[in-house]
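Please read the following report alongside the sequence and the three-dimensional structure. It takes up backbone geometry, the ligand site, a pocket and a few individual residues in turn.

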Amino acid sequence: MAAARARKVNPDGYVHARDAREYQRPRDQARMWQGATEQVLDAAGLKLGMSTLDVGSGPGAVMGLMAARVGAEGKVTGIDIDGGLGTEALAELRAQGGAQFNFIQGNVLELDDVPGAPFDLTFCRLLLMHLQDPSLVLEKMHGWTKPGGMVVAQEFDFGAIAIEPLCPPMAEFNRLFEGVFRAHGRNMRAGRQLPAQFEAAGLGAPDRTAAAAHFVPLAEMADMLVGVYDGLFAAGAELGIADTGRATVFRQEMAEAAATGRHYCLPPILISAWKRVS
Ligand SMILES: C[S@@+](CC[C@H](N)C(=O)[O-])C[C@H]1O[C@@H](n2cnc3c(N)ncnc32)[C@H](O)[C@@H]1O
């Protein structure tokens, strides 16, 4: 079982596991939020021929959405600290074609110059919640954006997460998730804090904000919730708040709760903010 692995949390502090199974999760997650990201890219004015940067590009799903908008003359660059994932994504994107793709492996907090900067649009999704100093990333994105270009961010907000009716596996999920996130200083309210982070980065208040939500039967979310739980297990075990016995019960109870068809789930909402740079 993945959850039974004794493994240290990633040396760079990223709390989710890095393995083939965990790499599938951001892809599934990306499908879930594709519409919300497409709407924001369009509202922010991403068009043919433009150049874009996706910070924390992970599996490259957003880079693909950008390519569909900027076209063959356009440029799409990704940055990720995980070089393996980014290189794999770059190969897939180049094979699909549609734009000129580039990938830079690196810790965004340590990068000053980015090849291809300044860009027409700089973007990040589900990155700031992992970082201790999100406004520093927005400040860097600001610096890598052309005058008249756009800075766009999309982050989860876990404040509204809910299941109805309540069930024990969700309580166990929340216990491990919140325990690991809080212990590692991860931000559960990154979404609602975007306007304040834009201000702190010197961007000023966003021009626009938006929020996207799903409300689905637990059966549609159960695999993803188990995947997130297993992906956080190593970090939880290091903190002494996860063990294989609990994990086994969690998986059984989650499968049983999903099979009843009675439980509905409000996953985290995705909050967006964007700003034209003067
Ligand atoms: C939750 S994933 C989101 C991936 C992608 N943005 C998406 O929405 O599909 C977060 C990504 O940020 C990357 N990341 C985390 N900390 C980073 C850092 N300091 N510099 C660059 N990338 C980072 C991780 O490796 C991971 O690929």
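## Cis peptide bonds and an unusual phi

Pro 118 sits in the loop that runs between strand S3 (100-105) and strand S4 (119-125), and in this predicted model the peptide bond leading from Ala 117 to Pro 118 is cis, with omega near 0°. A cis peptide bond is also found from Glu 164 to Pro 165, where omega is near -10°; Pro 165 belongs to the loop between strand S6 (162-164) and helix H6 (168-183).

Another backbone feature is found at Leu 126, whose phi is positive, at about 55°, although the residue is not a glycine. Leu 126 is placed in the loop between S4 and helix H5 (134-143). With a relative accessible area of 14%, Leu 126 counts as buried, because the limit for that class is under 20%.

## The ligand and its surroundings

Around the ligand there are 17 residues, and those that come nearest are Gly 56, Asp 80, Asn 107, Val 108 and Arg 125. Divided by class, this shell holds seven nonpolar, six polar and four charged residues.

Which side chain has an N or O atom 2.6 Å from an oxygen atom of the ligand? The side chain of Asp 80 provides that atom, while nitrogen atoms of the ligand are approached by the protein backbone at two residues, Val 108 and Ile 81. At Val 108 a polar backbone atom is 3.0 Å from a nitrogen atom of the ligand, and at Ile 81 a backbone N or O atom lies 3.2 Å from a ligand nitrogen. Taken alone, the ligand would expose 600 Å², of which the protein buries 96%.

## A buried threonine and its arginine partner

Arg 125, one of the residues that come nearest to the ligand, also takes part in a polar contact within the protein, since its side chain lies 2.8 Å from the side chain of Thr 37. Thr 37 is part of helix H2 (residues 34-43). Is Thr 37 buried or exposed? Its relative accessible area is 0%, and Thr 37 is therefore classed as buried, the cut-off being under 20%.

## The second largest pocket

The second largest pocket contains about 250 Å³ of space. Its lining is made up of 14 residues, and Ala 30, Pro 59, Gly 60, Ala 61 and Gly 64 are those that lie nearest its centre. By class, the lining residues divide into six nonpolar, four polar and four charged.

Several helices contribute to this lining: helix H1 (20-32), helix H3 (61-70) and helix H4 (83-96) each supply at least two residues. Which helix gives the most to the lining? H4 does, with four residues.

Ala 61, among the residues that lie nearest the pocket centre, can also be compared in position with His 214, as the two are 153 residues apart in sequence and 19 Å apart in space, C-alpha to C-alpha. His 214 lies in the loop between strand S7 (208-212) and strand S8 (216-217), and its relative accessible area of 25% makes it partly exposed.

## Sequence separation and distance in space

Three further residues can be described by their setting, their exposure and a C-alpha separation from another part of the chain. Gln 154 is found in strand S5 (residues 145-157) and is buried, with a relative accessible area of 0%; its C-alpha atom is separated by 9.0 Å from that of Ala 190, which is 36 residues away along the chain.

Asp 133 is placed in the loop between S4 and H5, the loop in which Leu 126 is also found. At 36% relative accessibility Asp 133 counts as partly exposed, and its C-alpha atom is 8.7 Å from that of Leu 109, with their positions 24 residues apart in sequence.

Ala 200 lies in helix H7 (residues 194-200). Its relative accessible area is 51%, so Ala 200 counts as exposed, a class that requires over 50%. Ala 200 and Leu 138 are 62 residues apart in sequence, and in space they are 8.8 Å apart from C-alpha to C-alpha.

Notes. Residues numbered from 1 in each chain as written. Predicted model: local features only at pLDDT ≥ 70, side-chain atom pairs only at ≥ 80, totals over all residues. Heavy atoms only, no water. Near = heavy atom within 4 Å. Polar contact = N/O pair within 3.5 Å; in protein donor to acceptor, adjacent residues only side chain to side chain. Areas by Shrake-Rupley, 256 points an atom, 1.4 Å probe, with all protein chains shown as cover. Nonpolar A, V, L, I, M, F, W, Y, C, P; charged D, E, K, R; others polar. 1 Å grid on protein atoms, 1.4 Å probe; cavity = no way out; pocket = protein on both sides within 12 Å on 5 of 7 lines; lining within 4 Å. Points joined across faces, edges and corners; volume = space filled by probe spheres on them. Buried < 20%, exposed > 50% of the residue type's maximum accessible area, 1.4 Å probe, protein only.
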